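Let's take a walk through this structure together. The stops are the salt bridges, one chain's architecture and the place where the chains meet.

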Amino acid sequence: MIQLVKKSKLKLDSKTLRPRLNLKWKEVSKNKVLYAMIAPFFLIFFTFTVLPVCLSLLVSFTNFNMLEFPKWVGWRNYAQLFVRDDVFLIALKNTLIFAAITGPVSYIACFVLAWIINEFPPKIRAFATLVFYAPALSGSAFIVWTLLFSSDSYGYINAFLLKWHLILEPILWLKTPKYILPIIIIVQLWLSLGTSFLAFIAGLQGLDKTLFEAGAIDGIRNRWQELWFITLPSMRPMLMFGAVIQITASFGVAEVATALAGFPSVKYAGHTIVTHLMDYGSIRFEMGYASAIATVLFAMMLGSNLIVRRLLAKVGE
Amino acid sequence: MITIRLRKKRISRSWMGDVFLFLLLAAVGYFMAMPLVFVISNAFKPINEILKFPPDFLVKNPTFTNFTDLYHLLSGSWVPFTRYIYNTFFIAIVGTVGHVLIASLAAYPLAKRKFPGKGFLFTIVVLSLMFSATVTQITNYMTMSWLGFLDTHWAVIIPAIGSSLGLYLMKQFMEQIPDALLEAAQIDGCSEVRIFWSVVMPVVKPAWLTLVIFSFQGLWGAGGAAGSMYIYSEQLKTIDYALSQILAGGIARTGPSMAATLLLLTVPILIFVLSQSSVIQTMSTSGMKE
């Protein structure tokens, strides 16, 4: 083993390349059972996730309408996106506002709620988990918000506001630009206690109890110190997982926006990067342009993930 | 003095903190539960209560009319409703079982073994988590048509089996398994597959039950978005699609559509309740700590 490490550190030249490759091959064939175990997953994963993403990156530099062979256009799609496409800039602004609010709020809510629930006795804990997780479980049930926010006086929010004489005539909630984004944010927050919330609960359950006892002896005085110095640092893998999921979800919002505000929404008030992408990808069939939008979205997600990774490294210091 | 401190499991906490946290929990709980209570309440409302002005939030005279209406509406359709139910269950169950098995199988070597290419593969998995599914829809469509998956349930099932979320989650959990446990099994002469199946999987039961919840729930609703993309035949569509057809009927169908929403909700919630009890109980006693 030691020999192997030493050899792999040698510089690449024609004399060492061959033995290196041989060694590598030996190592690979030694682990063939492991490769066989990961093969089914990675075969599917590469076909339906990696390959499409790579293709999409490639297509973003072309002009492609699905019928003719793609034509290479270099950075033109990107230039057009930022310079000439006003709707994209609206979508970008909406997505950023949206992500800046729902991302942190739902992430913190997921953790805080999981943390509070964790101290309850098992029966109450199970019930509370169900209440908070149910909206995320409910799939397309968020449609009920369209009834609550429906524009006529039968819409429940309107009806109650009318009854209490807070408004004089029904508000067109989902047709008035200034209300559309806040409503989408509310509904998305309602839906967002999902994957990371459950992962946090599972993570908290798995924490080592002796750590807390040791902490109490070492002079941790209240629950906030306990949270910062013990709970959060031990939860780092789960926190990272939650962050990745939450960032993807808050940048990728589209379904809720189109279901509530329609497509396209009034004055593009509910337009996000993903709805813009769907517009060019599945309606106008300008694949090159749609792929460029997707790439910009990916860059944004990657960037915010790196920032969050940095921030999470500081937790508990 | 010291002994008292040692014996005390929890450190002192202020009642102000308790009240604050409880109020926070209650407020969020109300916000979360309200729309669902609304769905349940509306599903049992007779038509005159649905169209009443000003509307009541809770049902006054509960009835089952909406459910019988729903039944009549659906039995009048060209494709029998049982067919939609079968499709939905088929996609959800086959996809979930496949995903949990294959993702766990791949997560074990990534979490516990060293082999060339491991770091690279895992980096790709993490990166892929950041890609919104919409991005891959177009290119996926081409792959599907090339593989002949279009207009079959496999178009929804296969990509779900290879989704990176489950692998990532399983790897995170499997990393916590003590190495000593695996070494003991190895000394006893177990093969890798045997270690995975008889040692690792029982220990990470809470993790894969969590995965069952995620996967089932995702596939249960998948008929709507992914399904409408790849599946065109009426007899292959899912309940989600049937529901959207009822919803398209407008205000007069509010009652039946609420009943349908409620029915659609029940199954994932049931799965969740059943698996959650084992997730939470096994979690603290799984003996994963060294």
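## Salt bridges and the chain interface

A:D279 and A:R284 are joined by a salt bridge, with 2.9 Å between their closest N and O atoms. This is a predicted model, so everything here is computed from predicted coordinates. The two partners sit in unlike surroundings: A:D279 counts as buried because its relative accessibility is 10%, under the 20% cut-off. A:R284, at 42% relative accessibility, counts as partly exposed.

Over all chains, the structure holds 4 salt bridges. Three of them are set out here.

| Salt bridge | N to O distance |
|---|---|
| A:D279 and A:R284 | 2.9 Å |
| B:R113 and B:E192 | 2.8 Å |
| B:E175 and B:K171 | 2.7 Å |

Let's look at the chain B entries in turn. The side chains of B:R113 and B:E192 meet at 2.8 Å, N to O. B:R113 belongs to the loop between α5 (81-112) and α6 (118-129) of chain B, while B:E192 is part of helix α11 (residues 192-203) of chain B, so their pairing ties together parts that are 79 residues apart in sequence. Both B:R113 and B:E192 are buried.

In the salt bridge between B:E175 and B:K171, how exposed is B:E175? With 38% relative accessibility, B:E175 counts as partly exposed. Its partner B:K171 is buried, with a relative accessible area of 8%.

### Inside chain B

Now for the wider setting of those residues. Chain B has 15 helices and 0 strands. Of its 290 residues, 50% are buried. Counting contacts in chain B with a separation of 6 or more, 74% are between residues 24 or more positions apart.

One helix gives a neat example of how burial is arranged. In helix α4 (residues 65-75) of chain B, the buried residues are B:N66, B:F67, B:L70 and B:L74. Why do they share a side of α4(B)? They cover an arc of only 100 degrees around the axis, which puts them on the same side of that helix.

B:N66 also turns up among the contacts of a lysine, B:K45. B:K45 is placed in the loop between α2 (15-43) and α3 (47-50) of chain B. Is B:K45 buried or exposed? B:K45 is buried, because its relative accessible area is 0%. Apart from neighbours within four places in sequence, B:K45 is in contact with B:I50, B:D56, B:F57, B:L58, B:V59, B:T63 and B:N66, and also with A:Y156 from chain A.

### Where the chains meet

That contact with A:Y156 leads us to the interface. Chain A contributes 101 residues to the contact, and chain B contributes 101 residues. Between them the chains bury about 8900 Å², with 79% of that area on carbon and sulfur atoms. Which helix supplies the largest share of the side of chain A that touches chain B? Helix α3 (residues 32-59) of chain A does, with 19 residues.

What about polar links across the interface? Between chain A and chain B the count is 0 salt bridges. Polar contact is found for 6 residue pairs across the interface, with both residues at pLDDT 80 or more. On the side of chain A that touches chain B, the residues divide into 73 nonpolar, 16 polar and 12 charged.

Methods. Residues numbered from 1 in each chain as written. Chains lettered and ligands numbered in written order. Predicted model: local features only at pLDDT ≥ 70, side-chain atom pairs only at ≥ 80, totals over all residues. Heavy atoms only, no water. Contact = heavy atoms within 4.5 Å. Buried area = accessible area lost by both parts, 1.4 Å probe. Polar contact = N/O pair within 3.5 Å; in protein donor to acceptor, adjacent residues only side chain to side chain. Helix = DSSP H or I, 4+ residues; strand = E, 2+ residues; numbered from the N terminus. Nonpolar A, V, L, I, M, F, W, Y, C, P; charged D, E, K, R; others polar. Buried < 20%, exposed > 50% of the residue type's maximum accessible area, 1.4 Å probe, protein only. Arc of directions from axis to C-beta.
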